[in-house]
Amino acid sequence: MDHAADAHRTDLMTVTRYVLNEQSRHPEARGDFTILLSHIVLGCKFVCTAVNKAGLAKLIGLAGETNVQGEEQKKLDVLSNEVFVKALVSSGRTCILVSEEDEEATFVDPRLRGKYCVVFDPLDGSSNIDCGVSIGTIFGVYMVDKDLDKISLDDVLQPGKNMLAAGYCMYGSSCTLVISTGNGVNGFTLDPSLGEFILTHPDIKIPKKGKIYSVNEGNAKNWDGPTAKYVEKCKFPTDGSSPKSLRYIGSMVADVHRTLLYGGIFLYPADKKSPNGKLRVLYEVFPMSFLMEQAGGQAFTGKERALDLIPTKIHQRSPIFLGSYDEVEEIKALYAAEQK
Ligand code: FBP
């Protein structure tokens with residue numbers, strides 16, 4: 001990527017222009033998805049500004065409420081959730097919303113409904129908010145192909161492979177939006193002077209192998225056999241290769257973003273303490289698994305391909321192993337060996 005040339009480039013590939021190009025590949029499209037995405041992008045820009053000025057604007061710290069996960073809500077959590085719910089409803093393109101911050105799914109007022117269900121974690125990595133470490137927003141989009149007066153929770157409790165699009169926006173040293181509409185993965189960086197997300201990471205492909213593993217080793221004593229064996233191999237390889245490096249930020253968006261660009265593996269396995277793992281299927285596991293597969297990687301639950309999972313509850317959790325193709329193949333082999 002010749003940044004110098006790009007700096008003077010005038011035909012800027014903004015995310016809106018990118019999605020309009022994508023839309024032109026679907027002659028039947030009426031622009032509904034483009035409108036929906038522009039409202040998600042608006043939400044990301046708002047949250048990016050709020051995160052950047054959090055310390056100054058007293059947006060740091062607790063909101064005094066507790067969310068459905070039993071977690072103390074941060075001010076920024078509540079604010080981000082409100083912004084996204086309002087943006088998505090006002091798009092006039094959504095019918096069901098599932099947010100990490102809301103106990104129940106939101107069924108949009110029938111007069112304002114559109115054909116998309118959006119699942120999202122408005123601000124992921126909340127344990128890192130107060131110390132200014134990268135956090136992010138994660139989202140996934142399903143389409144409902146039926147009478148919108150007859151929608152139900154089943155329309156959002158679909159396997160991840162039915163997702164139409166997924167993405168995340170990372171609020172770090174720069175604000176980066178990574179998205180897939182099922183035709184590869186592209187990354188856009190917010191140019192604050194333009195207020196536009198500009199294409200900076202076209203057609204992201206994750207390396208087939210990686211030198212980095214990312215896991216909270218603090219849970220190691222409670223891990224199952226295959227997970228313990230895999231991490232042991234990362235640290236003490238027996239095939240003459242060099243040990244992998246451990247990198248763990250504790251914000252899924254940041255850990256997955258690094259994994260997507262550099263290769264390697266991110267895992268949040270089940271353990272004796274949390275037999276279903278920690279991360280939520282609909283708005284953490286599925287969107288990241290969709291992106292990983294679109295970038296040539298894999299995503300596995302310990303039992304099956306993550307995107308084949310059929311959720312039964314909106315805040316359901318699942319173990320997850322995602323990243324470079326060959327790394328996840330190794331984990332799958334360890335779990336298969338255990339079945340024998
Ligand atoms: P929140 O969405 O509540 O922030 O929780 C998710 C998360 O913070 C992920 O971003 C991260 O990967 C994981 O939890 C970290 O969990 P742990 O602190 O147990 O390692």
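This passage describes the surroundings of the ligand and the setting of Asn-128 in a predicted model.

In the predicted model, the ligand is surrounded by 17 residues, and the closest of them are Asp-124, Ser-126, Tyr-248, Met-252 and Tyr-268. When the residues of this shell are divided by character, 7 are charged, 5 are polar and 5 are nonpolar. Two strands, β5 (residues 116–124) and β13 (residues 265–268), each supply at least two residues of the shell.

Oxygen atoms of the ligand are also approached by side chains with polar atoms. A polar side-chain atom of Asn-216 lies 2.8 Å from an oxygen atom of the ligand, and for a polar side-chain atom of Lys-278 the corresponding distance to a ligand oxygen atom is 2.9 Å. In the side chain of Arg-280, an N or O atom is 3.3 Å from an oxygen atom of the ligand. Of the 470 Å² of accessible area that the ligand has on its own, 89% is covered by the protein.

Asn-128 was examined separately, and this residue is found in the loop between β5 and β6, the latter strand comprising residues 135–143. Because its relative accessible area is 9%, under the 20% limit used for this class, Asn-128 is counted as buried. Beyond its neighbours within four places in sequence, Asn-128 is in contact with Val-133, Ser-134 and Ile-135, and also with Ile-249, Gly-250 and Ser-251. For one of these partners, Ile-249, the C-alpha atom is separated from that of Asn-128 by 8.5 Å, although the two residues are 121 residues apart along the chain.

Key
Residues are numbered from 1 along each chain as its sequence is written. This is a predicted model: local features need pLDDT of at least 70, side-chain atom pairs count only at pLDDT 80 or more; totals for chains, interfaces and linings use all residues. Side-chain values use heavy atoms; hydrogens and water are left out. A residue is near a molecule or strand if one of its heavy atoms lies within 4 Å of it. A polar contact is a pair of N or O atoms within 3.5 Å; within protein, one must be able to donate a hydrogen and the other to accept it, and residues adjacent in sequence count only if both atoms are side-chain atoms. Accessible areas come from the Shrake-Rupley method with a 1.4 Å probe; for residues, only the protein chains shown count as cover. Helices (H or I, at least four residues) and strands (E, at least two) are DSSP runs, numbered from the N terminus. Ala, Val, Leu, Ile, Met, Phe, Trp, Tyr, Cys and Pro count as nonpolar, Asp, Glu, Lys and Arg as charged, and the others, Gly among them, as polar. Buried means under 20% relative accessible area, exposed over 50%, partly exposed in between (1.4 Å probe, protein chains only). Contact means heavy atoms within 4.5 Å.
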